[in-house]
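Colleague: I should be grateful for a close look at the backbone geometry of the loops, followed by a short account of the nonpolar packing.

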Amino acid sequence: MTLAVRYLAARTLDTALAESPPLGPDEVEIAPAYVGICGTDLHIFHGDMDARVTAPAVLGHEMSGRIVRVGAGVEDWAPGDAVTVMPLRWDDTCPACHAGHQHICQHLDFIGIDSPGAMQQRWTVPASTLIRLPDSLPLDHAALVEPTAVAVHDVGRAQVRGGEKAVVVGGGPVGILIALVARAAGADVRVVELSPHRRRLAEKLGLTTWDPADDDLPELVRQWTGDAGADVAFEVSGAQGGVDTAVDVLGVRGRLCLVAIHSRPREVNLHRFFWRELTLVGARLYDRTDFERAVTLVADGTVPAEQLISKVVPMAQAPDAFEALEGGGDVMKILVDCTDESQGADQ
């Protein structure tokens with residue numbers, strides 16, 4: 001048995017003992033150290049993914065930790081190794097896998113959604129999902145590798161090049177990471193965000209922000225680009241207004257990268273796509289090269305993890321942390337500390 005944070009029903013979590021599966025020959029047992037709470041976890045918390053998530057469900061996929069045990073068939077890994085996990089298990093039989101797109105397998109098991117996640121004191125996963133962490137990287141910082149891998153994949157899908165002008169619509173954790181990764185790729189970046197707290201944090205990181213409530217965005221874009229429009233926009237807000245903004249800022253043959261999960265259909269100005277020959281690309285998840293690049297970006301400080309982590313809470317306070325993140329504005333990233341062996345289960 002292992003102590004875990006479990007989703008029971010909409011807006012209902014507990015901290016309780018969960019079954020620990022036996023260790024298979026190609027699996028490893030990890031002691032998670034820190035697990036981040038992300039937007040997908042909030043969707044689960046709200047009950048929006050009940051058709052996919054089987055309760056009680058152990059949450060979490062943004063993690064870092066150390067190996068405790070290895071299966072009989074596992075090579076190149078040993079107890080004590082610092083790791084994160086690329087939480088994808090694909091079937092290698094579907095058309096997507098045959099085309100080389102295993103990360104969007106048509107029967108994908110996203111570990112932490114479709115199967116038990118990392119928010120527990122012991123976690124068994126396939127050895128094939130492991131990503132090695134440098135010993136110099138603090139484990140709390142390393143919990144940001146997974147969302148950074150998302151950003152690396154997004155910037156790659158958008159084909160961002162040095163010298164291009166990029167607009168990130170939505171300054172939450174993933175939006176800020178996209179802005180940082182795009183800047184590292186040589187882009188000139190602007191972040192559009194309503195929250196004053198998130199704008200202040202972005203500015204502390206050296207990013208330029210725009211407030212869509214008070215700023216004249218069309219005029220700012222005109223001045224910034226010499227009336228050409230942006231080369232690329234990332235829609236990370238998940239809101240209709242964000243979609244409109246991301247389309248409107250683009251210049252001729254601009255690229256719109258859709259990152260946010262939109263729970264319902266949105267109106268899109270298709271005339272703008274026709275008139276300016278725009279391109280829309282979707283971006284979902286990541287592959288191993290994205291993860292390895294993310295490790296480097298977090299380890300070398302390109303992604304300043306310590307400035308993005310708002311607080312660290314014990315497992316027993318995870319339900320309160322989910323509620324705090326619902327408010328959005330005053331917090332960025334909350335980590336759950338899974339290392340305290342004295343934490344007790346709910347009665």
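Modeller: Helices (H or I, at least four residues) and strands (E, at least two) are taken here as DSSP runs, numbered from the N terminus. On that basis, Arg11 sits in the loop that links strand E1 (2–9) to strand E2 (12–18). The model is a predicted one, and in it the phi of Arg11 is near 65 degrees, a positive value in a residue other than glycine. Arg11 counts as partly exposed because its relative accessibility is 43%, a value in between the 20% and 50% limits.

Glu277 also has a positive phi, of about 50 degrees, although it is not a glycine. Its loop runs between helix H9 (270–276) and strand E16 (279–282). With a relative accessible area of 44%, Glu277 is partly exposed.

The peptide bond between Ala55 and Pro56 is cis, with omega about 0 degrees. Pro56 is placed in the loop between helix H1 (39–45) and strand E4 (57–58). For context, most residues other than glycine have a negative phi, and most peptide bonds are trans.

As to the packing, the largest nonpolar core has 100 residues, of which Leu130, Phe234, Tyr286 and Leu308 touch the most other members. Helix H5 (residues 173–184) gives the most to this core, namely 7 residues. Leaving aside residues up to four places away in sequence, Leu308 touches Leu144, Ile176, Leu177, Leu201, Leu205, Val303, Met332 and Lys333. A second core, separate from that one, has 16 residues, among them Leu217, Ala233, Leu256 and Leu278.

Methods
Residues numbered from 1 in each chain as written. Predicted model: local features only at pLDDT ≥ 70, side-chain atom pairs only at ≥ 80, totals over all residues. Heavy atoms only, no water. Buried < 20%, exposed > 50% of the residue type's maximum accessible area, 1.4 Å probe, protein only. Core = buried A, V, L, I, M, F, W, Y, C linked by side-chain atoms within 4.5 Å. Contact = heavy atoms within 4.5 Å.
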